[in-house]
Amino acid sequence: MSADRTTRAAEPGTTPRTALLLVDLQEAFFEAPGLAVTRADVLAAVGALADGAREAGAPILLVTTEHSRDRSTWTLSMFEDDHGYLFHGDPSTAVVHELDTSGMTGVEKTRDSAWFGTDLALRLRNLGVDRVLIAGVSTHACIAQTARDAYAHNVRAAVVEDAVADERTEHMRTVLDLLVGDRQAELVTLEDALALLRS
């Protein structure tokens, strides 16, 4: 998939162009009991965000995790366990069936951050984006690291609280509070996020 258009980066002092980042909405992640119970609510919120972004003409980037069977993309813990996962073609690697992916641009990652080893920064720069709304799973890992790395790239990040979830529920609030406390991201509701997209 590719973006339909490119624009110059937003000028300083102008209203930022907002993109929607949907992270790890794949079957494998929702197999965890803590995420399975949130699936319907999270995906309903994500669906509303995607519809809002389409209506507003905002870019939607669908970030997924995928590894190679040849071990070339494996993480340290995968090597330690001598067990890989999220391989191309595996049913568990597929995007959740509830999500309408029309109009979305795919970005594949192999680590928690959507920025690490991907062309996300280039894509957003070409689209004139300097603010991202982040939704998906899991909050303590991929959502948090993606938000922190957005800050490192001078891209404003907002985590949509209604549209994220975590299998480690005891860590979720702490991680979100740290992001806000470190001034690396803001928290917004689904309603606020839709208003940002419309603006």
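Rings of Phe, Tyr and Trp, the last taken by its six-membered ring, count as a pair if their centres lie within 6.5 Å. In this predicted model, Trp74, Phe79 and Phe87 form one aromatic cluster on that basis. A search of the whole structure finds two aromatic pairs. Tryptophan 74 and phenylalanine 79 make a pair with 5.8 Å from centre to centre and 45 degrees between the planes. Planes under 30 degrees apart would be stacked and planes over 60 edge-to-face, so an angle of 45 degrees is classed as tilted. The two partners are not equally covered: tryptophan 74 has a relative accessible area of 8% and is buried, whereas phenylalanine 79, with 38%, is partly exposed.

Two residues of this cluster recur in the surroundings of histidine 67. Histidine 67 sits in the loop that runs between strand 2 (60-65) and helix 3 (76-81). Its relative accessibility is 4%, and because buried means under 20%, histidine 67 counts as buried. Leaving out residues up to four places away in sequence, histidine 67 touches Trp74 and Phe87 of the cluster, and also Thr73, Thr75, Met78, Tyr85, Leu86, His88, Thr110 and Arg111. With threonine 73 there is in addition a polar contact between the side chains, at 3.0 Å.

Leu86, one of the residues touched by histidine 67, is also in contact with alanine 28. Alanine 28 belongs to another loop, the one between strand 1 (17-23) and helix 1 (33-36). Apart from neighbours within four places in sequence, alanine 28 is in contact with Leu86 and Ser92. At 22% relative accessibility alanine 28 counts as partly exposed, because the limit for buried is under 20%. The C-alpha atom of alanine 28 is separated by 24 Å from that of threonine 174, a residue 146 places further along the chain.

The next topic is a pair of helices. Two packed helices are described by the angle between their axes and the distance between the axes. For helix 5 (residues 139-152) and helix 6 (residues 169-181), the axes come within 10 Å and cross at roughly 10 degrees. Angles under 35 degrees count as roughly parallel, so helix 5 is roughly parallel to helix 6. Helix 5 contributes Thr139, His140, Ala144, Ala147 and Arg148 to the contact, and helix 6 contributes His171, Met172, Val175, Leu176, Leu178 and Leu179. By character, the residues of this contact divide into seven nonpolar, three polar and one charged.

Key: Residues numbered from 1 in each chain as written. Predicted model: local features only at pLDDT ≥ 70, side-chain atom pairs only at ≥ 80, totals over all residues. Heavy atoms only, no water. Buried < 20%, exposed > 50% of the residue type's maximum accessible area, 1.4 Å probe, protein only. Axes fitted to C-alpha atoms, helices over the stretch in contact; angles between N-to-C directions. Helix = DSSP H or I, 4+ residues; strand = E, 2+ residues; numbered from the N terminus. Parallel < 35°, antiparallel > 145°, perpendicular 65-115°, else oblique. Contact = heavy atoms within 4.5 Å. Nonpolar A, V, L, I, M, F, W, Y, C, P; charged D, E, K, R; others polar. Polar contact = N/O pair within 3.5 Å; in protein donor to acceptor, adjacent residues only side chain to side chain.
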